[in-house]
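The following exchange asks on what grounds certain descriptions of a structure rest. Each reply sets a computed value against the criterion that applies.

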Amino acid sequence: MFRINENFLKLQGSYLFSTIASKVSAYTEANPDKKIIRLGIGDVTLPLCPAVIDRLHSAVDEMAVKETFKGYSPDLGYEFLRKAIADHDYKERGVDIDIDEIFVSDGAKSDSGNIGDIFSVDNKIAVCDPVYPVYVDTNVMAGRTGEFDKDKGVFRDVIYMPCTAENNFIPELPKETPDIIYLCFPNNPTGTTIPKAELQKWVDYALKVGAVIIYDAAYEAYITEDDVAHSIFECEGAKACAMELRSFSKNAGFTGTRLGFTVIPKELKCGDVTLNSLWARRHGTKFNGAPYIVQAAGAAVYTPEGQRQIKEQIAYYMNNAKIIREGLKSAGYDTYGGVNAPYIWMKTPHGMSSWDFFDYLLQKAGVVGTPGSGFGPHGEGYFRLTAFGDTENTKEAVERIIRTC
Ligand SMILES: Cc1ncc(COP(=O)(O)O)c(C=O)c1O
């Protein structure tokens, strides 16, 4: 008789966003005439920019002609895209990345979940708390964690690194030594980030203890401050201890189009074995490539028009972030983030719990955000608002929050 992977049974309830969706749909059914403003899920709302759309159209036309038709893509992704990534995302920042160190994928969620395939289940992971839930849940599925401790709201055998207003949302180096460290800067959910000098401390630490850093830079395009690294490879020694995940979702609106990549430098080794070779093997065996038309569209992001157009979109979202941040701050709320990231992390008013505040805002203001506690126990008492909405709605949401609370 077959058996299931019982690690799945350790997972807690439904995924955060499913719970939110069901609460919102119950509210809409009960209040069909009320307008809801969604500043919850981190999905973009602006359409793909013209440079991307033009290239999508022309790539589709290529697929209709025998001479230019494309079947399976190369294992690591098309060279034209990997070269554009190496040149623009890395060389322009003084980082030398070989195109064989870049693995094109269908996004950072899959990569952050799948990367565990190349690591032993005995490894101990360290995550920030609050955290993007995918890092933890995929390690639970793989059997790299213990059971869920209901009292503490954490999985056993995982090192949680609190990130709160008290430590400026900068995780402290853990007392217990981890094997795999997940870092995400600019951060989802807190919208905060750390200066390059702080990131360098993590690189030094990983090198010292023999840990690997899985660095999620999905929000790199939102960095506005000069002392923040766009890539972990800007830190000295990082190529020997880190890999980096990137996404086209938030910088270029590919959430529904799907494109991302992972950079694994050849210096990153366990003994004599390069992680690059393991991921290449895994990629070649379990993944058959992002579609040609999507990779072609991804390359269009790096053209001068593409760059100009996506920068306009990012500026649009960051203006929303400013509206939320400054609006709530001037009304006396404690708000964080929103300067180098499209997320604003606010302290719930009157000591309310994150879910109580979620329900309160939904019922009284018709505004949907994300309860901070859904990202980990140290997210309790916080609430996440996203800047991905429409500007008029964002302004209205801020006014409604201020009026209601
Ligand atoms: C930190 C982080 N990493 C990865 C992703 C997923 O990116 P992608 O759309 O490329 O799968 C998200 C999406 O919200 C995210 O917040």
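Q: What is the bridge partner of P371 in strand 17?
A: In this predicted model, P371 is bridged to F383 of strand 17.

Q: What makes strand 16 and strand 17 a pair?
A: Pairing requires at least two bridges between the strands. Strand 16 (residues 370-371) and strand 17 are joined by two bridges, in the antiparallel sense, so the criterion is met.

Q: What makes strand 14 and strand 17 a pair, and which residue of strand 17 is the bridge partner of K347?
A: Strand 14 (residues 343-347) runs antiparallel to strand 17 over five bridges, against a requirement of at least two. Y382 is the partner of K347.

Q: Why is strand 17 called largely enclosed by the rest of the structure?
A: A residue counts as buried if 20 or more other C-beta atoms lie within 10 Å of its own. Five of the five residues of strand 17 (residues 382-386) are buried, and the strand is therefore described as largely enclosed. Y382, R384 and T386 point one way, F383 and L385 the other way, and all are buried.

Q: Why is helix 9 called largely enclosed, and what covers its buried residues?
A: Eight of the nine residues of helix 9 (residues 292-300) are buried, which is why the description applies. The buried residues are Y292, V294, Q295, A296, A297, G298, A299 and A300. Their cover includes helix 2 (50-63), helix 3 (79-90), strand 2 (102-105) and helix 10 (304-330).

Q: Why are helix 11 and helix 12 called roughly perpendicular?
A: The axes of helix 11 (residues 354-365) and helix 12 (residues 391-404) cross at roughly 105° and come within 10 Å. Angles of 65 to 115 degrees count as roughly perpendicular, and the two helices are therefore given that description.

Q: Which residues of helix 11 and helix 12 meet, and how do they divide by character?
A: L361, K364 and A365 in helix 11 meet R400, I401 and T404 in helix 12. The residues of this contact comprise three nonpolar, one polar and two charged.

Q: How many residues surround the ligand, and which helix gives the most to the shell?
A: The ligand is surrounded by 14 residues, of which G107, K109, N188, S247 and S249 are the closest. Helix 4 (residues 108-114) gives the most to the shell, with three residues.

Q: How do the residues of the shell around the ligand divide by character?
A: Eight residues of the shell are polar, four are nonpolar and two are charged.

Technical notes: Residues numbered from 1 in each chain as written. Predicted model: local features only at pLDDT ≥ 70, side-chain atom pairs only at ≥ 80, totals over all residues. Near = placed C-beta within 6 Å. Helix = DSSP H or I, 4+ residues; strand = E, 2+ residues; numbered from the N terminus. Nonpolar A, V, L, I, M, F, W, Y, C, P; charged D, E, K, R; others polar. Buried ≥ 20, exposed ≤ 12 C-beta atoms within 10 Å, placed from the backbone. Axes fitted to C-alpha atoms, helices over the stretch in contact; angles between N-to-C directions. Parallel < 35°, antiparallel > 145°, perpendicular 65-115°, else oblique. Contact = placed C-beta atoms within 7 Å.
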